[in-house]
Every structure is written in structure tokens, then in C-alpha cells.
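Here is a short report on one protein model. Look at the fold before reading on.

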Amino acid sequence: MVKMPVINNHRMVGVCYFCAIIAAFVLSLVHNNRVEASTDSKDYFAYLMESDNEIVNETDEGAVTNDDFADDIQDNIKAMFEVVDNMVKYENVEKVLEVQKGDTLISVLTKAGITREAANKIYYSIKSDFNPNSLKIGQKIKTIVSVNTQDSTIPAELNYMVIDINAGERVITARNHDKFETFIEQDELLDKTNALQGVINGNLSKSMQNVGVPMRAVNNFINLFAYAVDFKRDVKKGDKFEIVYESQVTKDDKLIKCGKIIYAGLVLRKQKIALYRYEDNKGGVDYYTPGGQALKRTLDRKPLAFRNARISSPFGRRLHPILKKHVIHWGVDYAAPQGTPIYAGGDGVVQAAKYNGGYGNYIKIRHNSEFSTAYGHMSRFAKGMRPGVRVTQGQIIGYVGSTGRSTGPHLHYEVIQNGKRVNPRTIKASTGENLSGQALNKFKQKVDQVNKQYVDAFSGQATAKLAQK
Ligand SMILES: [Zn+2]
């Protein structure tokens with residue numbers, strides 16, 4: 001919430017009348033001149049409200065009699081009341097201006113009755129803190145403007161303007177006499193740890209958002225499990241998710257920043273996958289099972305037992321050795337001795353294991369809704385390879401050969417991302433090493449702490465929820 005200085009008009013008018021009397025008296029003391037009723041009331045307003053402004057006038061030379069003095073006071077009080085009467089017509093009102101199509105900051109302000117000259121001053125005041133051209137259609141600008149309630153032809157004056165830049169951050173322009181001053185105001189942010197859980201009802205992402213997990217945390221959560229879980233296939237209605245994540249909120253609990261996930265849990269029908277964040281001494285971050293095992297989250301770039309296998313043909317355009325014309329090579333060829341074991345590039349389900357034209361003996365594995373991999377020219381399949389069989393990363397699925405359109409023993413390896421074949425060499429890789437020794441001890445302490453503080457409560461709540469049904 002933006003706190004706008006609320007100006008109590010009744011009180012202000014009262015104060016003004018009081019000021020008028022005092023000012024008239026003071027003016028009478030120091031000066032013999034009449035206050036002219038035609039004086040711009042707004043200037044007087046500024047004059048009167050200005051506390052650090054000393055009222056200094058040249059002293060009159062002639063002696064002043066008591067009668068003169070009394071008349072002066074009376075006249076001056078009368079004149080000042082007129083000034084204040086004029087002033088009362090000016091009212092500070094809160095106005096929310098909305099940016100329309102084709103608007104600039106200046107046009108928004110002039111439409112609100114502010115003079116072009118003042119709008120220009122505001123523009124130049126704000127420029128160094130905020131780019132006025134970055135205003136978006138529909139954006140709201142909160143203002144306090146002083147308007148003449150009786151004469152709408154008199155231009156309004158802007159006293160205060162607030163433009164939200166980001167959540168919890170705004171640029172404020174305030175009048176200081178006939179100048180404008182701009183500054184940035186940021187809400188104080190509080191760190192918060194959030195523990196949320198829920199039942200998956202069809203769509204994991206929606207189910208998570210329904211209990212208030214911010215989109216960014218939802219995406220990070222899904223990415224953590226991307227290679228281990230096929231969300232479309234493995235996650236069923238009624239399964240549960242658990243998440244502990246950090247965030248930064250304003251004092252009134254408005255989310256500003258969504259931080260790291262500390263714990264991510266998927267409670268599936270057959271298994272529970274729990275991942276805990278661990279940061280090593282060098283600042284490297286990964287997620288591990290309670291036993292300190294890294295989840296294999298990335299596809300193997302070279303799924304072969306022969307780790308030194310060289311690339312005989314890279315991904316992309318090449319002159320085909322048999323067809324003798326330029327074609328796009330949709331995979332990477334690794335030259336390896338006949339019979340070298342071929343691994344599953346990631347956990348998944350075999351979709352095809354058959355002789356497939358130019359590919360020869362061919363296996364395709366679906367890893368998740370995003371990734372699949374394919375393997376060609378195998379001499380033979382490993383035992384039990386047929387569609388529907390579940391494989392784990394590193395499991396032998398077949399052996400290097402030269403079946404199909406091939407000039408020698410090699411593995412043709414394809415990575416298919418969202419239906420498109422991509423370069424297996426450039427997909428994101430992680431070390432996926434398990435924790436051991438000191439790191440493992442430290443990690444386990446952390447797991448205990450996170451469990452005690454948050455995760456243990458999940459199962460309690462889940463049981464309570466189930467009992468209610
Ligand atoms: Zn190939």
C-alpha cells in the first residue's frame with residue numbers, strides 16, 4: 001500500500017484562518033501597507049505554509065499612532081480573510097490517472113488539468129530516476145492535485161505523484177514550491193519461508209498455483225524433477241506435492257521475490273521422491289535425495305560404455321557419405337567398436353525397439369513430456385527391450401553395430417526435445433555426483449533440520465486431510 005499524505009481540508013482551513021489572523025497582525029506590526037485582496041491566493045498559501053520563511057519586510061520610516069495601528073490590523077485581517085476565502089476554493093484531491101493508448105507522461109498530466117509548463121518540469125524531475133517513456137497502457141498514476149473547486153478553468157497543480165516501478169518499488173515526485181523533487185521509495189522486505197502442499201488434481205502446475213505457490217517456484221519445482229519424472233505418465237490424480245521455498249515479501253505480505261526451493265517432494269502412488277537443496281563450500285548448488293544421492297536430471301551426451309568414442313559425424317548439415325549430397329544430420333555419430341554397450345541416456349520408457357529403415361536396429365526412449373532419445377545402427381538389442389519397458393539412465397539397452405544405412409560400426413544418437421531433434425552436445429548437463437564424506441554429513445544435518453521444521457508437518461497435515469474425507 002502506498003501511503004499518501006492525507007490532507008484534512010477542514011483542519012487546514014482552520015489553520016489557514018488562524019494563520020491569516022497572526023499574519024495580518026504581524027504584517028501590521030512591521031508594515032503599514034495594505035494587503036491587496038487581488039494577491040494570488042496560492043502564493044500566499046505557499047507563503048503561509050512555509051515555516052522556514054522569515055517574514056521580513058522593510059520597516060516603515062514614519063511613526064505609527066495607536067489608532068492607525070488598530071485600523072491597520074482591522075483592514076489587514078479583513079484582507080487576509082478574503083485571501084483565505086479564495087484559498088478555500090482550492091482543494092487537494094487524490095486523482096488516479098490512467099495511461100491511455102498514445103499517452104506520454106506529459107499528455108496524461110495535461111489531461112488532468114496540469115499546465116504544460118508544470119508537466120514539463122515534472123518530466124525533467126522524474127527523468128533521472130524513471131524513464132517516463134516506459135509507461136504502459138493502463139498503468140495507474142496516483143496523484144494529489146490541488147484544484148479550484150469553483151473555477152475549473154484555473155489549472156490544477158500537482159502536489160504529489162506516485163508511479164509504481166516494480167512490486168514494492170515506486171517513484172515519487174513531490175512539489176517543493178515551484179519545483180518538483182523526485183525520489184525512489186522501496187518497501188522494506190522481509191524474508192519468509194513458505195511450506196505448502198497439496199493434492200494434484202489433473203494438472204500439477206495448476207494444483208500448485210491453487211494453493212498459492214508462485215509461478216516461478218512452480219517452474220523450478222517441475223525442472224527439479226524433469227528427468228526423473230514423466231509428469232504426464234507418472235503423476236496421477238490424487239498424488240501429492242510438497243514444497244518449501246523462500247521468498248521476500250513486503251510488510252503487508254505482498255510477494256516481491258521468489259527465492260530458492262529448500263525442499264521439493266512428490267508423493268506418488270508407488271514412491272515418494274524427496275529432494276533437498278544443498279550448497280557446497282564452493283557455492284555449487286544441487287538437490288539430493290535424503291541419502292545424498294543426486295537425481296539424474298540430465299541426459300547423457302555420450303551414452304556409451306566406450307567413453308573415449310570419437311564423434312565421426314557431428315549434428316547438423318553435412319555431406320552424406322552414402323547419398324553423396326548435403327543433408328542435415330539429425331544426431332551425433334560416435335564411432336565405437338562393434339558390440340560396445342549402449343546406455344539409456346536417461347530414465348524413461350521404451351517407445352520403440354525395432355528395425356527402422358536407414359536407422360537399422362533402432363530404440364526410442366521417452367524420458368518425460370519434453371525429452372526423448374533415439375539410438376540407431378545397433379548390432380542387437382539388450383534383453384527385454386520392447387515398447388512400454390521402463391529403463392533407467394545408464395542401463396544397457398543395446399550394442400554398437402552397423403545396421404541400416406551405415407558405413408561402419410557407430411552409434412547414431414538423437415535427442416528429441418518437444419518433438420524437434422536438437423544437438424545432444426549442447427543440452428544442459430549437470431555433474432549429478434552423489435554426496436560423500438564431510439559433505440554428506442553436513443547435508444544430512446540440514447535434512448534433519450528441514451524435516452523437523454517443515455517436512456514432518458506435511459505428512460501430519462496430509463493424514464488429517466485424508467481423515468476428513
Ligand atoms: Zn548418424
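The text below covers one sheet, the helix across it, and three residues.

**The sheet**

This model is predicted. One of its features is an open sheet built from five strands. Their order is β1-β2-β3-β4-β5, and they pair in the antiparallel sense. Which strands sit at the edges? They are β1, residues 90–98, and β5, residues 179–186. Each of these pairs on one side only. On average, neighbouring strands in the sheet are turned by 15° against each other, with direction ignored.

Now take one pair inside the sheet. Strand β2 spans residues 140–148, and strand β3 spans residues 157–166. Six bridges join the two in an antiparallel pairing. Ile144 has Tyr160 of β3 as its bridge partner.

**The helix**

Helix α5 covers residues 116–126. What does it lie across? Helix α5 lies across β3, β4 and β5, where β4 is residues 169–176. The helix runs at about 40° to β5.

**A residue in the edge strand**

Lys95 belongs to strand β1. Its C-alpha atom is 6.0 Å from the C-alpha atom of Ile144. Along the chain, Lys95 and Ile144 are 49 residues apart. Which residues does Lys95 touch, leaving aside neighbours within four places in sequence? Its contacts are Ala112, Thr143 and Val145.

**Two histidines**

His177 and His377 are next. His177 has a phi near 60°, and this is a positive value in a residue other than glycine. His377 is also not glycine, and its phi is positive too, near 65°. Where are they? His177 is in the loop between β4 and β5. His377 is in strand β18, which spans residues 371–378.

**Buried or exposed?**

The table lists neighbour counts for the three residues.

| Residue | C-beta neighbours inside 10 Å | Class |
|---|---|---|
| His177 | 10 neighbours | exposed |
| Lys95 | 15 neighbours | partly exposed |
| His377 | 25 neighbours | buried |

Why does His377 count as buried? The cut-off for buried is 20 or more other C-beta atoms within 10 Å. His377 has 25 such neighbours, so it counts as buried. For exposed, the cut-off is 12 or fewer. His177 has 10, so it counts as exposed. Lys95 has 15 and therefore counts as partly exposed.

**Putting it together**

Follow the chain of places once more. Lys95 lies in β1, an edge strand of the sheet. His177 lies in the loop that links β4 and β5, and helix α5 lies across both of those strands as well as β3.

How values were computed: Residues numbered from 1 in each chain as written. Predicted model: local features only at pLDDT ≥ 70, side-chain atom pairs only at ≥ 80, totals over all residues. Pairing = 2+ DSSP bridges. Helix = DSSP H or I, 4+ residues; strand = E, 2+ residues; numbered from the N terminus. Axes fitted to C-alpha atoms, helices over the stretch in contact; angles between N-to-C directions. Contact = placed C-beta atoms within 7 Å.
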